[in-house]
Amino acid sequence: MAIKAVPDEEDDGVGAAQLGEAAERYRWLSEINRGGVGVILGARDPVIGRKVAIKVLRPDLERDERVLAEFSQEARVTGQLDHPNIVPIYDFGTGERSPFLVMKWIAGKTLAEQGATKEIVPSY
């Protein structure tokens, strides 16, 4: 199953190609946000028929052994937690280019948009 990517005006190496192994199952829709080490992509799981969020490492960190170990640990630890304020992990894998985390899609504002002083209420 090939990934269907939305064209990017600025190709910085993040997107469908970044998904590696995940590209065989998930259909990339758009970039959602960027953080210190990762990029969050919106995608669709055509097998189950739901929208998901996929976190991949930034291209410049894909070969950093410390970052790779921390990313794998994040997947293992977060995947074992069950709490309404923690986004569930659906899948984890390592592709040719980068490991990836597949998480529940949660629509709404980012923490930065919500504001650090406001109460965060789960939307699910």
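This briefing describes the strand arrangement, the ring contacts and one helix residue of the structure shown above. The model is predicted. Its 5 strands form an open sheet with antiparallel pairing, and the chain also contains helix α1, which spans residues 65–80. A single aromatic pair is counted, 1 in total, and it links helix α1 to strand β4.

**Sheet**

- The strands of the open sheet follow the order β1-β2-β3-β5-β4.
- The edges are formed by β1 (27–34) and β4 (89–94), each of which pairs on one side only.
- From one strand to the next, the twist averages 25 degrees.
- Strand β3, covering residues 50–57, runs antiparallel to strand β5, covering residues 99–104, and 5 bridges join the two.
- Within this part of the sheet, Lys55 stands opposite Leu101 in β5.

**Aromatic pair**

- The count of aromatic pairs comes to 1.
- The ring centres of Phe71 and Phe92 lie 6.3 Å apart and the ring planes meet at 45 degrees, so the pair is classed as tilted, given that planes under 30 degrees apart would count as stacked and those over 60 as edge-to-face.
- Phe71 belongs to helix α1 and Phe92 to strand β4; the two residues are 21 residues apart, and the pair thus links distant parts of the chain.
- Phe71 has a relative accessibility of 2% and therefore counts as buried, the limit being under 20%.
- Phe92, by contrast, has a relative accessible area of 32% and is partly exposed, because this value falls between the 20% limit for buried and the 50% limit for exposed.

**Charges over rings**

- Arg50 lies over the face of Tyr90, at a distance of 3.7 Å from the ring centre.
- Lys51 places its charged end over the ring of Trp105, 3.9 Å from the centre of that ring.

**Thr78 in helix α1**

- Thr78 is located in helix α1, the helix that also holds Phe71.
- With a relative accessibility of 17%, Thr78 counts as buried, since the value is under 20%.
- The side chain of Thr78 reaches the backbone oxygen of Glu74 at 2.8 Å.
- Leaving aside residues up to four places away in sequence, Thr78 touches Ile86, Val87 and Ile89.

How values were computed. Residues numbered from 1 in each chain as written. Predicted model: local features only at pLDDT ≥ 70, side-chain atom pairs only at ≥ 80, totals over all residues. Heavy atoms only, no water. Pairing = 2+ DSSP bridges. Helix = DSSP H or I, 4+ residues; strand = E, 2+ residues; numbered from the N terminus. Axes fitted to C-alpha atoms, helices over the stretch in contact; angles between N-to-C directions. Phe/Tyr/Trp six-rings, centres within 6.5 Å; stacked < 30°, edge-to-face > 60°. Buried < 20%, exposed > 50% of the residue type's maximum accessible area, 1.4 Å probe, protein only. Lys NZ or Arg CZ within 6 Å of the ring centre and 35° of its normal. Polar contact = N/O pair within 3.5 Å; in protein donor to acceptor, adjacent residues only side chain to side chain. Contact = heavy atoms within 4.5 Å.
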